[in-house]
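The exercises below are meant to be worked through with the model open beside the text. Each one sets a task and then takes the solution step by step.

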Amino acid sequence: EIHIKEPIEKEVNPRLLPGELLLCEASTVYKYMQEDGSNRGAYGKLVCTNFKISFLDDDSASDDNEPEFKNKIVGENDITLQCVDQIYGVYDEKKKLLTGQLRKYPERLIIYCKDLRVFNFCLRYTKEEEVKRIVSGIVHHSQTPKLLKRLFLFSYASAAPNNTGKYGRNQTVMFDTLEDWRDELERTKGNVKYKAVITNEGYRVSEKLPLYFVVPICISEESILKYEGRAIPIWCWSCHNGAALLKMSAFPKEQDDSTSQMQKAFLDGIYKTISKPPYELLKVDDLSSSLPSLQDIQTAYTRFKQLFLIDNSTDFWATDVKWFSLLESTNWLEIIRRVLKKAIEVAECLERQHTNVLLIEETATDLCCVISSLVQVMMDSYSRTKSGFQSLIQKEWVIGGHSFLDRCNHLRKSEKEEAPVFLLLLNCVWQLVQQYPPAFEFTETYLTVLSDSLYVPVFSTFFFNSQHQRDTSTSGESLKTQSGPFRFLTVWDWSVQFDPKAQAFLNNSFYAEKPKPDKSQRKTTRFKHQRQLSLPLTQAKPSTKRGFFREETDHLIKNILGRRIGKFINSSDEPPNNLREFYDSWHSKPVDYHGLLLPRIDGPEIKVWAQRYLRWIPEAQLHGGGTIAITAKILDLMEEVQSLQVKIEEEHSQAV
């Protein structure tokens, strides 16, 4: 039975946010439901504002069918302009990519979104004038290059009631003051060898660097100023044994000889001040040579996301047959594996070898952010709490100067700069969350919602390239509101997007709270753990649950996974035994959810983040609700079987 909703008689108006303006609209647009080949759907109005594209049917007017997990800013039929990936028009059954000026207007419009939703609108029954207006409006506002000040972020901040800004101080550390850095040094006991500096106040060293950051105590102010903060080791985090994780932006490769000689001498001087054998050892890791390039990451992700941008049932079943080979050929999971393996290498240096690690990259704001964040999530249980993880993102990414505007291409300026670096981090953290759920205070839903918030220009968190760019944007004269300079919202105020009932989905109810033992006890366990790892490791007998290979299945598994594991073992330059030994030894012991966590990265352990990537594809959904529902059902069945068993035994004894 094909149910077609008739066009609406009553007027439905979009809900507009402060500062949001309606730009164009078209009525009697027909939106297809993508579930099957039949043309089921609903009539409604398609509107475009300076914030979003929105489809309003008569359901939008009623609040009867409210989902339990509902976003207050972006509804299920809303697409923010930053979330639009590509727009296709259908002309006589042929799909054509729409950009810039249009000569001819399509009869169907397909919008692919960065959160992997696909919208299908039929414009056959819409007036021609309205079709022209809405199609050219949508293409223009979502696809053409923009100025930063034209982002909805600014319209919203100047129109919204100015009661924000108080939030976040008590839970999430913002790292925009000197005190925040000093507190972090104290928390990690890094203040013995490192100091927070104010050399960059007024951005006199560099606009890429944050106002405040932390360097080794022996680094002088002259050194920091000499090359605009390049080749200066910047502190990320200190391990409990005193070893620290540092990052550094490298000198540009193409230089004339005399310049590069001077730079080399400068670098050697810097290394001498921080590397003091035998007490202070330093391992330097150039990430641009040991990890995939940003271009590789972008290419892999573009291929990978094509597997999920499915607009009809036929396509789904066609790809389903070759699913694993298609997945393998995108190389995305392999990149996640390589990044996790690199983080394990760094953790091994810090934890077992007590060696400082210096990560080097051209700007130190891309893969450096990924690796340093991952290492902290693996080694510091504070980073696995919700507020700790949010503070980590603030410290390494937002204040650390990751170019969110360029990497997410929010302004549609250049696709050359685009790369899903932050998404790569969230994918890696998700692997850990699904392997060790009790270790995290947040859920995978939290990570999914965080990935969606990348495209919501109501929060400033992911819409600037650096702290300098954000500061100069807020202090601009034209942007003063009636009540003084405006404040941007931070994404960490979850109450802006969700009411308390929905926020409950972001918190993990199975989180293993940290026990609070008395101090004397805690000290002894710490040192015992450290000593075990520092001794030459004898191969522990693998537990049945988690050895690397079990003897009986040895040859079989080796044959099946041989190539893959070979890749893991031999892809590093250093002798892999130390790392493999460290990895196996850790996996043979029971997990301490508040200690070091090492992800399992062999064979098929790296999985697809199903909640994020498959959530809009009806064919991929489990009818009845996934593992929790299945477990509940099995428990019911077991109870029933047991009670029947008791009855049979009673009947039997009576018969006897």
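**Exercise 1. Find which residue of β12 stands opposite Trp237, and describe how the strands around it are arranged.**

Solution. In this predicted model, Trp237 has Leu245 of β12 as the residue standing opposite. The next step is to look at the strands as a whole: β11, residues 234-238, pairs with β12 in the antiparallel sense, and four bridges connect the two. Following the chain from β11 to β12, one passes through five residues that complete a hairpin, and in this turn Gly242 has a positive phi of about 100°. A further step leads to β14, which runs parallel to β12 and is joined to β12 by five bridges; among the pairs to locate here is Leu246, whose bridge partner in β14 is Leu358.

**Exercise 2. Determine how many residues of β12 are buried, and which way their side chains point.**

Solution. Strand β12 spans residues 244-249, and six of its six residues are buried. Sorting them by direction, Ala244, Leu246 and Met248 point one way, while Leu245, Lys247 and Ser249 point the other way, and all are buried.

**Exercise 3. Decide whether Thr355 is buried or exposed, and list what surrounds this residue.**

Solution. Begin with the location: Thr355 belongs to the loop that lies between α11 (332-351) and β14 (356-361). Its relative accessible area is 6%, so Thr355 is buried, given that the cut-off for buried is under 20%. Leaving out residues up to four places away in sequence, Thr355 touches Ala243, Leu281, Leu282, Lys283, Cys349 and Leu350. Finally, a polar atom of the Thr355 side chain lies 3.1 Å from the backbone oxygen of Gln353.

**Exercise 4. Establish how many disulfides the structure holds, and explain why Cys24 does not form one.**

Solution. Searching the whole structure gives zero disulfides. For Cys24, the closest cysteine sulfur is that of Cys48, at 4.6 Å, and no bond is assigned because this is too far, the limit being 2.5 Å. Turning to accessibility, Cys24 counts as buried because its relative accessibility is 9%, and Cys408 is likewise buried, with a relative accessible area of 11%.

**Exercise 5. Compare the span of α15 with the expected value, and state how many of its residues are buried.**

Solution. Helix α15 covers residues 421-435, which is 15 residues, and from first C-alpha to last it reaches 22 Å, close to the 21 Å expected at 1.5 Å a residue. Counting by accessibility, 14 of the 15 residues of α15 are buried, which leaves the helix mostly covered.

Key:
Residues numbered from 1 in each chain as written. Predicted model: local features only at pLDDT ≥ 70, side-chain atom pairs only at ≥ 80, totals over all residues. Heavy atoms only, no water. Buried < 20%, exposed > 50% of the residue type's maximum accessible area, 1.4 Å probe, protein only. Polar contact = N/O pair within 3.5 Å; in protein donor to acceptor, adjacent residues only side chain to side chain. Contact = heavy atoms within 4.5 Å. Pairing = 2+ DSSP bridges. Expected span 1.5 Å × (residues − 1).
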